[in-house]
Amino acid sequence: MSEEILRMSHICKSFPGVKALKEVDFSCKKGEVMVLAGENGAGKSTILKILSGLYQADSGEIFFNGKAVKIKNPLEAQKMGIAMVYQELTLVNEMTVAENIYLSIEPTKKFGLVDRKQIESSIQEVMGQYGIELDLQTMVKDLPVAQQQMAEIVKILIRQPELIILDEPTSALARKEVTQLYEIIRSMISMGKTIIFISHRLEEVFEIGDRVTVFKDGSYVDTKKISEITEDDLIRMMVGRSLQNIFPEKTQPEQEIIFQVKNLNVPKHLRDISFSVRRGEILGIAGLQGHGQTELFNAIYGILPRETGEIITAGESLKIGNAKQAIKQGLALVPADRKNEGLFLLRSIRENLAIISLDQRKKLGIFIDGKKEKKFSLDMKEKLAIKLASLRNEVASLSGGNQQKVVLGKELAINPKVVLFNEPTRGIDVEAKREFYNIMHDLARSGVAVIMYSSDLMEVIGMSNRVAVMYEGTISAVLQGEEITEENIMYCAYGASLANKGERTL
Ligand SMILES: Nc1ncnc2c1ncn2[C@@H]1O[C@H](COP(=O)(O)OP(=O)(O)OP(=O)(O)O)[C@@H](O)[C@H]1O
């Protein structure tokens, strides 16, 4: 058995209101590819940010090459030989690839006085060793994302790290580029490096990993040799939470289809999406974050231009090219980023609530009736039980849950036929969540078609009549009834086909 290069023991880390890591253990051996897997929010990025010196653990110990170490900042991690390629690239767009690499080397003074020629020949040498081709004189902003990522990798390889952390490096890459990255990883391993790889793709875990460690809700679950497990085993390690008793009993949708999306395509984001929603139905959209869910909502709502695709309500194809047209056609959107997209934070609660109905009335050339505006906002306050001191206060003075009710209240002014909820309960407390679930149910019961995306899988399971799972910009499966399980959803969210799953047949 090869020797252990890293051991992290009993690591705890909290952020305000969240225990991101609870007494977590994590270790890897020299020369292996260790995959770290788990649902969104499991704590994967957090532990690796601690390892790379970006965050400090609240408690716990780290041993690197057998020695106890304290990693106070990224520079210390770098000096130890630990390097991380982040999900968000860190290159300066207005500089060339070479300049970006000098920038990362200069502070280390590894090369003494800056001898650019010497650095450049070291860069060429590293690229030769790993078979990476890059034009060093190109401005970063002119490179495609895949090449930018290569530049990022060269930037860390030049420092000859022992342990390299890759946080979802393939998420923005096309198949050919992924194969190239795998080759580079294999060369890294043959040069004696150790790799930690966060992945959200089953195929990739099995193709590139030697072992896999699974986290769930901030806790360590298990570590297994890839060669000794199946895809089913891995999914089972990631799931298994119990459904909290905070969801109302499921609604009974009617048969009539009132909303349809047909062959929706948005270049680079969405591929051939078709689905329908019945009157009174709650359709949950699931999948790991970043697989096109927000783009789907924005494309339906006319914020993101569609290349092809029809949006149909009540049998009639709609021309929706912007949010105003969407509103006119009876579509409402509760956006994920309520503070920036959903509200005018410095305006009053009353103004926020009335803004859409006000706009509609203005368009019709009707005098804005202050009394009506007041009545509407009072009605909404009652209907949604918005807790507030005065309708004249700034909306920013409300709690997250009440702000979210205002976002919804303002949308309800148009009596929508379809409401799109993007992450409706993110960042609000459990009691406010429960209220929101009831409001969504009431909407469905009144005949509205509700479409909801949430990165909280249990919320999707607890609320939806059917669940459409997104993977890489398309809907990989639509589940209903007994099929709606955490395991099935994770299976599809990790890019596997349910048809191949264990003994289950569709
Ligand atoms: N800087 C931060 N401030 C507040 N909360 C945070 C911060 N970083 C992470 N969290 C929270 O800590 C928990 C773990 O997050 P983390 O990003 O480590 O999960 P993850 O497994 O990497 O998820 P993903 O697959 O979505 O990247 C989540 O609940 C997240 O919201």
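These are my notebook entries on a few strands, a ligand shell and a helix pair in this structure.

**Entry 1: the model**

I am working from a predicted model.

**Entry 2: the hairpin of β1 and β2**

I looked up how β1 and β2 are arranged. Strand β1 covers residues 4-15 and strand β2 covers residues 18-29. I found that they pair in the antiparallel sense, over eight bridges. To follow one bridge, I took K13 and found its partner in β2 to be L21. I then checked the turn of this hairpin, which has two residues between the strands. G17 has a positive phi there, near 80°.

**Entry 3: the shell around the ligand**

Next I asked which residues are around the ligand. I listed F15, V18, A20, G38, N40 and G41, followed by A42, G43, K44, S45, T46 and Q289. I sorted this shell by class and got four nonpolar residues, seven polar ones and one charged one.

Which element gives the largest share of the shell? I found that α1 does, with three residues. Helix α1 spans 44-51, and both α1 and β2 supply at least two residues of the shell. I noted that β2 thus appears in two of my entries: as a partner of β1 and as a supplier of residues around the ligand.

**Entry 4: helices α3 and α4**

I turned to helix α3, residues 97-105, and helix α4, residues 116-130. Their axes are 11 Å apart, and the packing angle is about 105°. An angle from 65 to 115 degrees counts as roughly perpendicular, and α3 and α4 are therefore roughly perpendicular to each other.

I wrote down which residues make the contact. From α3 they are A98, I101, Y102 and I105. From α4 they are R116, I119, E120 and I123. By class, I have six nonpolar residues in this contact, two charged and no polar.

**Entry 5: the sheet of four strands**

Last, I looked up an open sheet of four strands, in the order β12-β11-β14-β15. Its pairing is antiparallel. Which strands are at the edges? They are β12 (270-278) and β15 (316-318), each of which pairs on one side only. I also noted the turn between neighbouring strands of this sheet, which is 20° on average with direction ignored.

I followed the edge at β15 a little further. Its partner there is β14, residues 308-313, and the two pair in the antiparallel sense over three bridges. One bridge I traced joins I311 to its partner L318 in β15.

Methods:
Residues are numbered from 1 along each chain as its sequence is written. This is a predicted model: local features need pLDDT of at least 70, side-chain atom pairs count only at pLDDT 80 or more; totals for chains, interfaces and linings use all residues. Two strands pair if DSSP finds at least two bridges between them. A residue is near a molecule or strand if its C-beta atom, placed from the backbone, lies within 6 Å of it. Ala, Val, Leu, Ile, Met, Phe, Trp, Tyr, Cys and Pro count as nonpolar, Asp, Glu, Lys and Arg as charged, and the others, Gly among them, as polar. Axes are lines fitted to C-alpha atoms, for helices over the stretch in contact, and angles run from 0 to 180 degrees between N-to-C directions. Angles under 35 degrees count as roughly parallel, over 145 as roughly antiparallel, 65 to 115 as roughly perpendicular and the rest as oblique. Two residues are in contact if their C-beta atoms, placed from the backbone, lie within 7 Å.
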